[in-house]
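Biologist: Please take me through the strands of this model and what packs against them. Keep to the geometry.

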Amino acid sequence: MMLSRFVRPSLFAQTLNLKRPLALAKQTRSLATVDGNTPRVPPNPPRTRATPVSHDRATFTIRDGPVFNGKSFGAKSNISGEAVFTTSLVGYPESLTDPSYRGQILVFTQPLIGNYGIPSDARDEHGLLRYFESPNLQAAGVVVADVAEQYSHWTAVKSLGEWCAEEGVPAVSGVDTRAIVTYLREQGSSLARITIGEEYDADQDEAFVDPEQINLVRKVSTKAPFHVPSASGSSHVAVIDCGVKENILRSLVGRGASVTCFPYDYPIHKVAHHFDGVFISNGPGDPTHCQDTVYHLQRLMETSQIPIMGICLGHQLLALASGARTIKLKYGNRAHNIPALDLTTGRCHITSQNHGYAVDTSTLPADWKEYFVNLNDSSNEGIIHKSRPIFGTQFHPEARGGPLDSSYLFDTYLESVGRYKRNQAVLRPMREERPSPLLVDLLAKERVGVVPTTGMENLLRMGNAGEEAAARAA
């Protein structure tokens with residue numbers, strides 16, 4: 001019964017071959033194991049977007065704003081998106097593969113980027129990417145003051161420019177990023193274009209694409225459930241994948257919780273009783289696009305006492321489900337050194353952040369309270385329920401990159417997961433202690449049907465057809 005809720009009925013019937021004798025199905029189950037299940041080795045899809053590294057003239061244009069001329073060092077591709085900036089000093093491979101940057105042109109304030117190259121796609125003992133936060137480069141474009149074409153690091157296998165070209169993402173160097181950031185701070189995050197090898201044409205201003213009008217979460221969320229086992233514990237957490245980072249999964253699995261990741265719009269309230277906790281991941285764009293997710297979370301909180309934790313977009317969706325509202329910040333917070341005050345202890349944590357929206361705490365219901373506050377701009381950084389094990393943080397406790405001051409929040413969450421599991425063992429003694437062996441063996445081991453970024457114009461052109469094709473191929 002549990003498996004049939006996770007897998008499409010046609011796939012379920014095909015896998016078990018239910019028309020055969022029941023004994024064969026029992027034999028199939030007996031061959032499945034938990035501890036010795038199939039290793040998590042996702043396939044490596046062929047690169048079809050790779051282009052030679054372009055060193056042509058490049059133009060970075062902010063809509064109704066300044067035009068910056070520089071040099072291309074990535075793919076020869078023209079794109080548009082939302083221009084945002086990060087003050088992070090290190091961690092550009094992790095930042096650029098963070099699904100939360102989908103549809104955005106990322107401007108780095110650090111003067112030199114690329115000096116330690118790009119590492120391999122090696123995986124750790126959990127089968128998770130060791131150096132990246134998703135399998136592909138997620139940003140629509142990259143803008144830097146100076147790029148290091150020669151790199152040096154023991155993990156590096158290619159240059160930043162080679163990687164951008166391989167992923168089909170344009171990149172620009174030789175521009176005044178100080179002037180760009182000054183403009184974005186004064187005017188707010190703005191629509192922008194990267195044009196390679198062409199002169200700027202003011203008539204093209206109308207072609208700017210606003211990613212905020214697109215449900216970007218749909219682009220980065222898995223299209224079918226996948227499972228990441230943990231060999232060191234028996235807890236089982238359901239993750240709502242809105243664009244989950246690899247290190248969020250690692251932070252859960254490494255602490256003894258197996259995870260099953262579901263599409264962002266999956267009716268999680270219908271299967272939550274099979275799990276010990278529910279987790280809502282980070283993701284890109286405007287949280288109000290995820291109305292199905294908000295509805296399912298409302299139903300979940302109405303019908304279950306299960307522990308819930310949300311990070312970044314997941315935190316915002318949790319707030320919307322509680323009845324609060326979200327607001328768009330002028331230029332957001334994207335850095336590795338932002339102070340957040342824990343209002344329950346009075347302690348300050350240095351946090352890693354990447355978001356353009358925030359929760360309006362003045363709209364929180366009476367049974368919720370503010371948990372963390374940003375000491376730079378006083379925006380909300382966390383909410384917590386007053387009587388139930390439910391909380392969310394706007395910052396990233398898992399970092400990657402950034403400080404790990406707040407990583408203890410995963411321990412706090414999993415402690416509540418453990419208490420819930422023990423209580424359920426008393427109330428429902430027949431409840432399975434560990435994930436179904438058959439579920440573990442049959443579910444995918446990696447995100448299913450996620451289309452890599454190809455620039456916002458191409459993303460719109462592909463539309464739903466691209467998603468449907470990817471889902472069929474999966």
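Biologist: Which strands close into a barrel, in what order, and with what pairing?

Modeller: This is a predicted model, where local features need pLDDT of at least 70, side-chain atom pairs count only at pLDDT 80 or more, and totals for chains, interfaces and linings use all residues. Residues are numbered from 1 along each chain as its sequence is written, and side-chain values use heavy atoms, with hydrogens and water left out.

The barrel has 7 strands in the order β1-β2-β10-β7-β4-β3-β11, with mixed pairing. Strands here are DSSP runs of E, at least two residues long, and helices are runs of H or I, at least four, numbered from the N terminus. Two strands pair if DSSP finds at least two bridges between them. From one strand to the next, the barrel's twist averages 35°. Such angles run from 0 to 180 degrees between N-to-C directions, with axes fitted to C-alpha atoms, for helices over the stretch in contact. Strands β3 (79–86) and β4 (104–108) run parallel, joined by 5 bridges. There, T86 faces F108 of β4. Helix α6 (177–187) packs on this sheet, touching β1, β2, β3, β4, β7 and β11. The direction of α6 makes about 90° with that of β3. Contact means heavy atoms within 4.5 Å.

Next comes the open sheet. Its 10 strands follow the order β12-β14-β13-β15-β16-β21-β20-β19-β17-β18, again with mixed pairing. The edges are β12 (226–228) and β18 (348–360), each paired on one side only. Neighbouring strands are turned by 20° on average, direction ignored. At one edge, β17 (325–342) and β18 run antiparallel over 11 bridges. R325 stands opposite D360 of β18. Their hairpin has 5 residues between the strands, and G346 takes a positive phi near 80°. Edge strand β18 is largely enclosed by the rest of the structure, because 11 of its 13 residues are buried (under 20% relative accessible area with a 1.4 Å probe, protein chains only). Further in, β20 (380–385) and β21 (390–393) pair in the antiparallel sense over 3 bridges, with I383 bridged to G392 in β21.

Now the helices. All 8 of the 8 residues of α8 (246–253) are buried, so α8 too is largely enclosed. The buried set includes E246 and R250. Its cover includes β12, β13, β14, β15, β16 and α11. The axes of α9 (291–303) and α10 (313–322) come within 8 Å and cross at roughly 65°. The crossing is right-handed (the near helix is turned clockwise from the far one by less than a right angle). T293, V294, L297, Q298 and M301 of α9 meet L317, L318, L320, A321 and S322 of α10. This contact has 7 nonpolar, 3 polar and no charged residues.

Last, the interior. The largest nonpolar core is a set of buried Ala, Val, Leu, Ile, Met, Phe, Trp, Tyr and Cys residues joined through side-chain atoms within 4.5 Å. Of its 33 residues, V278, I308 and L317 touch the most other members. Elements giving two or more residues are β13, β15, α9 and α10, and α10 gives the most, with 6. Beyond four places in sequence, V278 contacts residues including V237, I268, L300 and Y413. A second, separate core of 28 residues includes L128, A257, C261 and Y371.

Notes
Buried means under 20% relative accessible area, exposed over 50%, partly exposed in between (1.4 Å probe, protein chains only). Ala, Val, Leu, Ile, Met, Phe, Trp, Tyr, Cys and Pro count as nonpolar, Asp, Glu, Lys and Arg as charged, and the others, Gly among them, as polar.
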